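Me: I am new to reading protein models, and I would like to understand the words people use for them. Could we go through one together?

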Amino acid sequence: MTVAKRKREEVTVENGNNESVDVEENAYSDGFDESEEDEDMASDDGDGDDLASSATGSKQQLQKKKKPKAAHLADDLRNLQEAVQLYKSNIFKLEIDELLKELKVDETKTKAVDRVLHKLKDFIEAIPDSKQDLMLSDAEKTISKSGIAIPFPDPKPPKDAQYRFAYSTPSDFNLVGSYALKTMIKSPERFAIDVVVDMPAALFTEKDTLNYRYFHKRAFYLAYIAAAFKNSEQLNFDLSYEFLDGDHLRPVLRLDSLKDGSESDFHKAKCYIRIVPGIAKDTFPISKLSPARNCVRYASVSPQQQLKPTPYYNSSILSDTQHFSSTVFINKAIKSSDGFRDAVKLGDIWLRQRGFSSATAGFGAAEWAVLMAALLVGGGARGSKVLANGFSNYQLFKATLGYVASTDIAETPVAVGVEGIDFDKSVFDGRPVLVQNDVNLNVLYRMSPSDYSKFRHEAALTVKELDDVNGDHFDSVFLEKVDSVIYQSDLTFCAKFPPEDKSFRDLGRVFNPSYYGYLSARVYEVLKQGLGERVDLISVRATENFKFAVESRKPSSSGEPAFTIGLLLNPEHSERLVIHGPSAEDKQASAEFRKFWGRKSELRRFKDGSITESVVWEPRAEESVVTQIVRYVLERHVGEAMTKGLYVVGDGLNKMFAQDRELADAPGTNAIALYQKNLDEFDLLRKMLIDIDDLPLKVSAVLPASERLRYASVRPPVEFSVHSSEDFSNVVIELETSAKWPDDLKAVQHSKAAFLLGIGQSLCRMDPTVVTNTGLDRDPDTIENFAFLDVLMPSGYAFRVRLRTEREAAMLRNYKPDRDLGLRGFKTLEREFTLAARHTTEFATLCHRYPFLSGTVRRVKKWLHAHYLSDHFDAVTVEMLTLAVFLKPFPWSAPASSYTGFLRVLYFLAHWDWRSEPLILDVDQTLTIADVQGVREKFKQQRANDPELSQGALFIAINYERSGMMWTQPNPRKVIASRMTALARASCAALKSGGVVFGGEADEFRKLFVSPVEDFDFVIYLEKIPAEESAYPPGVEQLNEPVELYFKELESVFDGAAVFFRNRLRNDVIAGVWDPRIMAERSWKVYLGYSTRPVQEEGVEQKGTATVRANVDGMVREMERLGGDLVREVVRRA
């Protein structure tokens, strides 16, 4: 497609017809001199020269010549080496290549678009000029004849406006943007094709830069074109207006295909066309549009007050001069760097997955391309280049993210081109600055400080993710949609926009024409001051409609636009109750503090003698301190209308947990404090055990080995409340080294029992108020540990003590009479003694590192209990699954609230492919690449040895246990793991629907904790056993756990025939499903392992071996008989 009326040079951009759209050598000082050396490149990915030479060498290797086998092998090795140098790994390169193939738009479907573009050019050039010098009323009449509205931005032109309106043939017609550059990608949303029509300079005067006159004339010009399309019988489109990149000052005409089969039908291309009015660079003096100038003469407060700069307004006009120039600039970057175009596509998909676009956040694929092109010619120290031309697409992508994360361009602007007119960057109020020097345009003028801080945060997370050599992370970087408010933020608020206020109409729109943008910025500044170091990130994002009918002047407000406030909390400070203000001696700062906090501010004296202004908040279980602050400061500084519709996303879940007695999060309780009391008693018990001196061997170590001692039990430990064995905190003790232990394992176990008896007697002598009792885990005639010592402290806390000896592990491992028995005993010893103690210590430490880990894991366990999976997951397994979202939180940061942590675990369980992917946890960042590879090899070997997953479905390795199966073998089995995934996906789907999360009450969230019994083949309803007020002594040795005994009996008797489920916290139901293998008919034989009955067809005599099937009725009756009075009824699924 030829472009008229502008002198061209040899630089070209291909259009959709594979023809050339000539483009000029723009006023940019392009910096893309191919003869320049890349030796000054600064990059995180290595030396630029080496990478560039590597890329050049790769081209030479692609010559199509026949080579001997050795030469081909050498080529393959070099290609692999190149992949490692230019990409994260060879596999990562293949994944990127495949992704780029998937993102490529099918050009065969865009041929119709090319035909339409040609017709559009001819059509627009044929539109007759309007009458010259139309007054406002005449201009409106001219357009209204076609039923079209002029999309005047606010404020509308005054009725007595003296400036004139007119339309004449565009001075230029250009195809710009992603379609011209071939950087568009395939996506669920249709992509835009931008056609710029330059308005003739004769239509404007020098004063049109003032008081919206340019934008009013621009709106008329656009409406005139829209009217021509409306009246045309040649080209039929669905016409609408749209704000260009969310800028309310710059509407464009949107043309959507009608799917009518006509010559103008291009719906298969999945795109739409935008007619964008522009102007030539020399239409207005550039100096008058400097960001530091004022171009809107608003009413000042006083005659002495100087008018403030209007950078947004000025930049909007300048942007209309740069559509074509930006395309030229990016095109030169594409020609200078082979990987540039694909790097733009990678950036585009990365931005989309995180909710960034030019319209919603002021930063999309177009801004990404300009930024990358700028970094190819500068942006580094002393003007050096940040990116090298020889970088691969991945290196360009990663290095650009690294630059964004490490360089604050709000403080250190990036400049492109010749030296421009100097201005103070502070006029942009914390917005990022990417300046096109020849016109002093800040390309990122629409990006708010809130979106910019979020953008840098996301970039830093992704760089950290890509730097993780022990993981691939391709899916979370490019494929997963990660901008969901329920997973991305620790605390999220939603609210409807209040009506426009006087402050916006009088002055606010001068600095931000969008009321939504204006109010969002105001909310951001208020929250930033009010929350301070309590939050690491504040994200305020408005939801508004940028598209509107051509019959309307602007979008309708009937859609009730809303905004969301997402907070990333600082766990160290978020729940601090006191805000310390300035000293009372600092009068000015104190006055500002009181002005901001109002009635909440008070003067206080602290223990260190200081007297400062302060704000004190009350601890509330159902409303965090941060929530209280947000509500208060928004009501005070933004208005009561703002807080009326303000609600916390997922607040119903927090209320539900607060009402849960088992979690002890109700008002007036503190679960962590309850755990600490138990730990204090453990320390006292440890001291008493160490001080025992009347036994042959002294106690040398006392180790915690219980979820109650690592902040991880659903029910926190409570004094004087011992109802079952789960109310004891497990403890492992070790004795001094001795060579006198027996050589027989059974004798060792009996000796340990004798020691425990002696320890119990010694404790009672040391403190007569201590109650001890020795009990048995299993039959004493065993080579495994069978004895334990229960210790009930005077404070009311209970501990179960077991003894580990130094020689026991080696004796079990080398047990010759029954090697399998010995190995099973060794594994049990390692799991319940050695590793249980190590895990308890490590997990308790991690709970201090991540303050919300404890609350999260307890909620996850509660969820598993609620779905009758209590007996299928070891407590340690659940804790490691939860730990994954803290140690490996990508693509987000570690949760800073129990609410977010719980939802993230559900998301992880729903998406984790445990069949083909191990979970590897590195608690202290000490695992090397070799260590991780070794674990992966074990996983591959385990899957190869057990392809049916009969020995265990999950593989979870951690620094101190790398076999991966210690806590996951044999449970959970494959059917249980599949059930876990299905439940997690169902929960995520309920959350994604929005009804539960957005405004849902506690009852709505309880649905996540209800498992339908209809999923089971049979359900055994149990009689409610009255709980004793306290089983605390006397009588603790008679702890009665009938449901536990009954459940174990069922599992033993019907092993291989049915799988049983229960909620161990409630013990009111035992559900079950039959093994599908027993339901089929089969030939009878002895030792089938389950009850059967013969299959006898009526009137047919049985010959030969009898055919049998499972005797379901008989087994159900046997279950009922075993339960006796404990069973209320058994219900079978029809």
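Me: Why does Asp 429 count as exposed?

Reply: Good place to begin, and do keep in mind that this model is predicted. The relative accessibility of Asp 429 is 59%, and exposed means over 50%, so Asp 429 counts as exposed. You will find Asp 429 in the loop between β8 (414-416) and β9 (434-436).

Me: What makes the phi of Asp 429 worth pointing out?

Reply: Its sign! Most residues other than glycine have a negative phi. Asp 429 is not a glycine, yet its phi is positive, about 50 degrees. His 473 is another case, with a positive phi of about 65 degrees although it is not a glycine.

Me: Is His 473 buried or exposed, and how do you know?

Reply: Buried means under 20% relative accessible area. His 473 has 14%, so it is buried. This residue lies in the loop between α14 and α15 (474-479).

Me: Why is Pro 449 called buried?

Reply: The same kind of check works here. Pro 449 has 15% relative accessibility, and because the limit is under 20%, it counts as buried. Pro 449 belongs to helix α14, which covers residues 449-467.

Me: Which residues does Pro 449 contact, leaving aside neighbours within four places in sequence?

Reply: They are Asp 429, Gly 430, Arg 431 and Tyr 524. So the exposed Asp 429 is in contact with the buried Pro 449. There is also Ala 521: it is 72 residues from Pro 449 in sequence, but 7.9 Å away in space, C-alpha to C-alpha.

Me: What makes a set of residues a nonpolar core?

Reply: The members are buried residues of certain kinds, such as Ala, Leu and Ile, joined through side-chain atoms within 4.5 Å. The largest one here has 122 residues, and Ile 733 and Leu 763 have the most contacts inside it. At least three of its residues come from each of domain 5 (671-849) and domain 6 (1019-1132). Apart from it lies another core, of 82 residues, including Phe 237 and Phe 243.

Me: Where are the cis peptide bonds that join Asp 154 to Pro 155 and Phe 890 to Pro 891, and what is omega for each?

Reply: Most peptide bonds are trans. Between Asp 154 and Pro 155 the bond is cis, with omega about 0 degrees, and Pro 155 is in the loop between α5 (136-144) and β3 (172-176). The bond from Phe 890 to Pro 891 is cis too, with omega about 10 degrees; Pro 891 sits in the loop between α28 (875-887) and α29 (898-911).

Key
Residues numbered from 1 in each chain as written. Predicted model: local features only at pLDDT ≥ 70, side-chain atom pairs only at ≥ 80, totals over all residues. Heavy atoms only, no water. Helix = DSSP H or I, 4+ residues; strand = E, 2+ residues; numbered from the N terminus. Buried < 20%, exposed > 50% of the residue type's maximum accessible area, 1.4 Å probe, protein only. Contact = heavy atoms within 4.5 Å. Domains from an automatic or database assignment.
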